[in-house]
Amino acid sequence: MNKVGIKTTKNPKCENPKCIDYDKIQQKFQLNDRRDLVWMKFTRDGYLGVVAVSDDVNFDMPEDCSVYDKKHAVYNSYKKGNEEEWVHNSAGILVQKLGKEWDESFVLIFPLKGIPNGYGRADVETAIGNMLIEKKVPILDFYSHIY
């Protein structure tokens, strides 16, 4: 990250991930947007489950496979209308299918201050995920960082 001019945080561990104050993080790290965050969450047995960006850390997991394909309408304020979205995300489905559980005691959060011109937070997310894969770090939701 330092190679592209983004300074890393000394302590990325967030020990109360259900109560994250994204506005406070934005102010503390002087982020352009409160969604300028890469976060990683793990299973209880220590597997990296997902590499993701934005201000939406969650521990969503379906009850069983009967609801994997369930969708619901969500209002899109930009398009001023409803859109269908999946109820459950791929990481939660994979963790449930593997018989694992999220470790809800912490997540790692990396503020992305100073994303270079021509790049977006998704580009940084992709680079981090690919770097971890190159270093042989298994990611359960292998493609999480590239969509």
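**Exercises on a predicted model**

At 15% relative accessibility, S54 counts as buried. The exercises below concern a predicted model.

**Exercise 1. Determine where S54 lies, what is notable about its backbone, and how its burial class follows.**

Step 1. The residue belongs to the loop that runs between β3 and β4.
Step 2. Its phi is positive, about 110°, although S54 is not a glycine.
Step 3. Buried means under 20% relative accessible area. With a value of 15%, S54 therefore counts as buried.

**Exercise 2. State the secondary structure content and its order, and assess the compactness of the protein from its radius of gyration.**

Step 1. Three helices and six strands make up the secondary structure.
Step 2. Along the sequence these elements follow the pattern β-α-β-β-β-β-α-β-α.
Step 3. For 147 residues the globule rule gives 15 Å, and the radius of gyration of the protein is 16 Å, close to that value, so the protein is as compact as a globular protein of that length.
Step 4. The spans of the C-alpha trace along the principal axes are about 45 × 40 × 30 Å.

**Exercise 3. Characterise burial, contacts, surface and charge for the whole protein.**

Step 1. Burial: 39% of the 147 residues count as buried.
Step 2. Contacts: taking those between residues at least 6 apart in sequence, 64% join residues at least 24 apart.
Step 3. Surface: the accessible surface is about 9500 Å², and carbon and sulfur atoms account for 50% of it.
Step 4. Charge: there are 21 positive and 22 negative side chains, and 7 Å separates the centres of the two sets.

**Exercise 4. Derive the strand order of the four-stranded sheet and identify which strands stand at the edges.**

Step 1. The four strands are arranged in the order β1-β6-β2-β3, with antiparallel pairing, and the sheet is open.
Step 2. The edge positions are taken by β1 (13-14) and β3 (48-53); each has a single partner strand, so one side of each is left without a neighbour in the sheet.
Step 3. The partner of β3 can be examined further: β2 (residues 37-42) is joined to β3 by five bridges, and the two run antiparallel.
Step 4. Within this pair, F42 has L48 of β3 as its bridge partner.

**Exercise 5. Describe the pairing of β4 with β5 and the hairpin between them.**

Step 1. Strand β4 covers residues 71-76 and strand β5 covers residues 81-86; six bridges join them in an antiparallel arrangement.
Step 2. Two bridge partners may be named: K71 is matched with W86 in β5, and V74 is matched with E83 in β5.
Step 3. The hairpin has four residues between the strands, and K80 there adopts a positive phi near 55°.

**Exercise 6. Identify the buried residues of helix α2 and the element against which they pack.**

Step 1. Helix α2 comprises residues 90-97, and A91, G92, I93, V95 and Q96 are buried in it.
Step 2. These buried residues pack against β3. Strand β3 is also an edge strand of the sheet described in Exercise 4.
Step 3. Just after α2, G99 takes a positive phi of about 75°.

**Exercise 7. Classify N32, D123 and K136 as buried, partly exposed or exposed.**

Step 1. The classification needs two cut-offs: buried is under 20% relative accessible area and exposed is over 50%, with partly exposed in between.
Step 2. N32 has 73% relative accessibility and therefore counts as exposed. Its place is the loop between α1 (22-28) and β2.
Step 3. D123, in helix α3, has 40% relative accessibility and so counts as partly exposed.
Step 4. K136 has a relative accessible area of 71%, so it is exposed. This residue is located in the segment after α3 (121-134), and its phi is positive, about 70°, although K136 is not a glycine.

**Exercise 8. Set sequence separation beside C-alpha distance for the pairs N32 with G49 and D123 with H145.**

Step 1. For N32 and G49, the separation is 17 residues in sequence and 27 Å in space, C-alpha to C-alpha.
Step 2. For D123 and H145, the separation is 22 residues along the chain, and the C-alpha atoms are 9.0 Å apart.

Note on methods: Residues numbered from 1 in each chain as written. Predicted model: local features only at pLDDT ≥ 70, side-chain atom pairs only at ≥ 80, totals over all residues. Heavy atoms only, no water. Rg over C-alpha atoms; globule rule 2.2 N^0.38 Å. Buried < 20%, exposed > 50% of the residue type's maximum accessible area, 1.4 Å probe, protein only. Contact = heavy atoms within 4.5 Å. Areas by Shrake-Rupley, 256 points an atom, 1.4 Å probe, with all protein chains shown as cover. Lys, Arg positive; Asp, Glu negative; His and termini not counted. Charge placed at Lys NZ, Arg CZ, Asp CG, Glu CD. Pairing = 2+ DSSP bridges.
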